[in-house]
Amino acid sequence: MAHQQQISLPAKLINGGIAGIVGVTCVFPIDLVKTRLQNQRHGQQVYKNMMDCLVKTVRSEGFFGMYRGAAVNLTLVTPEKAIKLAANDFFRQHLSKNGRGLTVFREMLAGCGAGMCQVIITTPMEMLKIQLQDAGRLAAQQRKPAKMSPTMLVATNQVLSRSYNMGPSSAVRAVSATQIARELLHTKGIRGLYKGLGATLMRDVPFSMVYFPLFAHLNRLGQPSEDESSPFYWAFLSGCLAGSAAAVAVNPCDVVKTRLQSLNKGATEESYSSVVDCVSKIMHKEGPSAFLKGAGCRALVIAPLFGIAQVMYFIGIGEFILDQSPLNYLFV
């Protein structure tokens, strides 16, 4: 692991950014399914499972409907992943003693610090993404005349409601993340974009505390010797296993975060005032199993996302780019 400590900060940021873009592009449709499944309430299911959701999304919204909300993710995932990976390395270096390995507790502290840093970007990114991802689910509910009519939809504000005010046979009307962001800033200020910050911390801090130590130990098993790094395929598998395990472990927090950040709801869907209120209402009306909604999808999203991230990170794409760049001398 010693070679990793010599990687420059700019290289870490480039590695994290490229990994995030590649990973999100590959798994975003499954992430959209995860959001829609988590927002479904008992008795109002539009989708039976992951495949049913994907099929119905393509049929009603076209192929690119699976990438609804991807633009905001692709825009912000670079700084988000860069901060996460770079912060973890920063804390690991400062918590290590004389360059020796970290204890599990110190590895968890480093992960905790990384998780706390990333929510600066993660919260508004998730806030905007969820509004766009969930539009199709609400539109599908409207097309069920016996269940709900378009006039019964609870709209938070005019810009958001434009995505959903439609007739039973019409398509989902596009609304951009920029429009949503402007409306939230205008009506609620910066707090509007950071709604669900507490729930995001509850998800991302434990995730990082589980993921980074688990990845470090799994990856270490693939090292031929202490002075050699593990092969890229082992880094990929370690990232996948650690990511999926951490994702499932914190899925209840992800369900709460998704519900809190969903501004537009159906007429019979609950609104939540806080994390405690959300947990209480979900437990009372839907039971403990509701906290596992979308767990399989989330594992399928996170596994390749972090597997790809670790491969990019440890192959050293950022170092190669900097070596070929005329700006390299600025970072030496």
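## Lys257 and its neighbours

Let's start with Lys257, a residue in helix α11. Is Lys257 buried or exposed? In this predicted model, its relative accessible area is 0%, and because anything under 20% counts as buried, Lys257 is buried.

So which residues does Lys257 touch? Leaving out residues up to four places away in sequence, they are Glu126, Ile130, Gly196, Ala199, Thr200 and Arg203.

## Helix α12, one side and the other

Helix α11 (251-261) also has a partner: the buried residues of α12 pack against α11. Those buried residues are Asp277, Cys278, Ile282 and Glu286. Where do they sit around the helix? They cover an arc of only 125 degrees around the axis, which puts them on the same side of α12. Look at the other side of α12 and you'll find Val276 and His284, which are exposed.

You can also check the length of α12, which runs over residues 275-286. With 12 residues at 1.5 Å a residue, the helix should span 16 Å. Its end C-alpha atoms are 16 Å apart, so the expected span and the model agree. Just after α12 comes Gly287, which takes a positive phi of about 85 degrees.

## Two helices side by side

Now try finding helix α1 (residues 9-39) and helix α13 (residues 295-315). How do these two run relative to each other? Their axes come within 8 Å and cross at roughly 170 degrees. Angles over 145 degrees count as roughly antiparallel, and α1 and α13 are therefore roughly antiparallel to each other.

What kinds of residues make up the contact of α1 with α13? There are 18 nonpolar ones, along with four polar and four charged.

## An exposed alanine

For a contrast with Lys257, look at Ala71 in helix α3, which spans residues 70-95. Ala71 has a relative accessible area of 57%, and since the cut-off for exposed is over 50%, Ala71 is exposed.

Ala71 and Ser176 are 105 residues apart along the chain. How far apart are their C-alpha atoms? In the model, the separation is 9.2 Å.

## The whole chain

Zooming out, the chain has 15 helices and zero strands. Of its 332 residues, 53% count as buried, and Lys257 is one of the buried ones.

Finally, think about contacts in the chain with a separation of 6 or more. Residues 24 or more positions apart account for 79% of them.

Key
Residues are numbered from 1 along each chain as its sequence is written. This is a predicted model: local features need pLDDT of at least 70, side-chain atom pairs count only at pLDDT 80 or more; totals for chains, interfaces and linings use all residues. Side-chain values use heavy atoms; hydrogens and water are left out. Axes are lines fitted to C-alpha atoms, for helices over the stretch in contact, and angles run from 0 to 180 degrees between N-to-C directions. Helices (H or I, at least four residues) and strands (E, at least two) are DSSP runs, numbered from the N terminus. Angles under 35 degrees count as roughly parallel, over 145 as roughly antiparallel, 65 to 115 as roughly perpendicular and the rest as oblique. Ala, Val, Leu, Ile, Met, Phe, Trp, Tyr, Cys and Pro count as nonpolar, Asp, Glu, Lys and Arg as charged, and the others, Gly among them, as polar. The expected span of a helix is 1.5 Å times one less than its number of residues. Buried means under 20% relative accessible area, exposed over 50%, partly exposed in between (1.4 Å probe, protein chains only). The arc is that of the directions from the helix axis to the C-beta atoms. Contact means heavy atoms within 4.5 Å.
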